[in-house]
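These are my notebook entries on one protein chain. I set down what I looked up, entry by entry.

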Amino acid sequence: MTFCSHFGGQLVEGSGTSGLYKDDQGKWLTDPKMSMYTLDLSKLPEQLLEARFIEVGRPLVKVNKAETQQQKNRRKTQKLAKPFLNHEEATDLNEDALRASHGPLRCHPIVGKAYPQS
């Protein structure tokens, strides 16, 4: 059983097309539309809010080493690149450490979206 069928997914009309068409010169072009589905939210598990989602199959990223403001200033005056952890050091980090924000979040009063405080 697929995810969409389990939750009663229905394809939204007009989505999920390649958008193949011919232009004025007779050349074939595409304007793809992402597939979107409606889901029956009553079928979602009750524990979903407590669930922890894990990203799988994402490419590796460089994780910068922690540095103080003085170290950063010195590095910038010497025009050096940011130091980063090797794969083993980065793997040993706790996943919450990888998500550490530069500063506290605050909410924009108009749009209501959180962004890092500068």
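**Entry 1: the loop residue K79**

I began with K79, which sits in the loop between α2 and α3 (87-92). I read its backbone angle: K79 has a positive phi of about 55 degrees, although K79 is not a glycine. I noted the background to this: most residues other than glycine have a negative phi. I then checked the accessibility of K79 and found a relative accessible area of 77%; because the cut-off for exposed is over 50%, K79 counts as exposed.

**Entry 2: the model and its confidence**

I recorded that this is a predicted model. The mean pLDDT of the protein chain is 76, and 73% of its residues reach 70 or more. I looked for a weak stretch and found residues 101-118, where pLDDT stays under 50. For residues 101-118 the model has 15 contacts beyond four places in sequence. I shall read nothing local from that stretch.

**Entry 3: the chain as a whole**

I listed the secondary structure and obtained four helices and six strands for the protein chain. Read from the N terminus, the order of elements is α-β-β-β-β-α-α-α-β-β. How much of the chain is buried? Buried residues account for 7% of the 118 residues in the protein chain. The protein chain exposes about 11,000 Å², and carbon and sulfur atoms supply 56% of that area. I also looked up the contacts between residues at least 6 apart in sequence: 35% of them join residues at least 24 apart.

**Entry 4: salt bridges**

I next searched for charged pairs. As a general point, side chains of opposite charge can pair when their charged atoms come close. The count comes to two salt bridges.

One of the two joins the side chains of E67 and R75, at 2.8 Å from N to O. R75 belongs to helix α2 (residues 69-77). Is R75 buried or exposed? Its relative accessibility is 9%, and the cut-off for buried is under 20%, so R75 counts as buried. Its partner E67 has a relative accessible area of 28% and is therefore partly exposed. Setting aside neighbours within four places in sequence, I found R75 in contact with E67, L80, A81, K82 and P83. The salt-bridge partner E67 is thus among the contacts of R75.

In the other bridge, the side chains of D31 and K33 meet at 3.0 Å, N to O. I looked up the accessibility of each partner. D31 is partly exposed, with a relative accessible area of 40%, and K33 is likewise partly exposed at 40%.

**Entry 5: the buried serine S15**

K33 led me to S15, since K33 is one of the residues that S15 touches. Which residues does S15 touch, not counting those up to four places away in sequence? I found K33, M34, S35 and M36. S15 lies in the loop between β1 (10-11) and β2 (21-22). At 6% relative accessibility, S15 counts as buried.

I then looked up the polar contacts of its side chain. A polar atom of the S15 side chain lies 2.7 Å from the backbone oxygen of V12. The S15 side chain also reaches the backbone nitrogen of M36, at 3.1 Å. M36 therefore appears both in this polar contact and in the list of residues that S15 touches.

**Entry 6: a nonpolar surface patch**

Finally I asked where nonpolar side chains gather on the surface. A patch of about 800 Å² is made by F3, L11, Y37, L39, L41, L44, L48 and F53. I followed two of its members into the secondary structure. F3 is in helix α1 (residues 3-6), and Y37 is in strand β4 (residues 37-38).

Are these two members buried or exposed? F3 is exposed, with a relative accessible area of 53%. Y37 is partly exposed at 42%. Patch members must have over 30% relative accessible area, and F3 at 53% and Y37 at 42% meet that cut-off.

I closed with one distance within the patch. F3 and L39 are 36 residues apart along the chain, and their C-alpha atoms are separated by 9.7 Å.

Technical notes: Residues numbered from 1 in each chain as written. Predicted model: local features only at pLDDT ≥ 70, side-chain atom pairs only at ≥ 80, totals over all residues. Heavy atoms only, no water. Patch = residues over 30% accessible without salt bridge, like charges linked within 9 Å, V, L, I, M, F, W, Y side chains within 5 Å. Areas by Shrake-Rupley, 256 points an atom, 1.4 Å probe, with all protein chains shown as cover. Salt bridge = Lys/Arg side-chain N within 4 Å of Asp/Glu carboxyl O. Helix = DSSP H or I, 4+ residues; strand = E, 2+ residues; numbered from the N terminus. Buried < 20%, exposed > 50% of the residue type's maximum accessible area, 1.4 Å probe, protein only. pLDDT = per-residue confidence, 0-100. Contact = heavy atoms within 4.5 Å. Polar contact = N/O pair within 3.5 Å; in protein donor to acceptor, adjacent residues only side chain to side chain.
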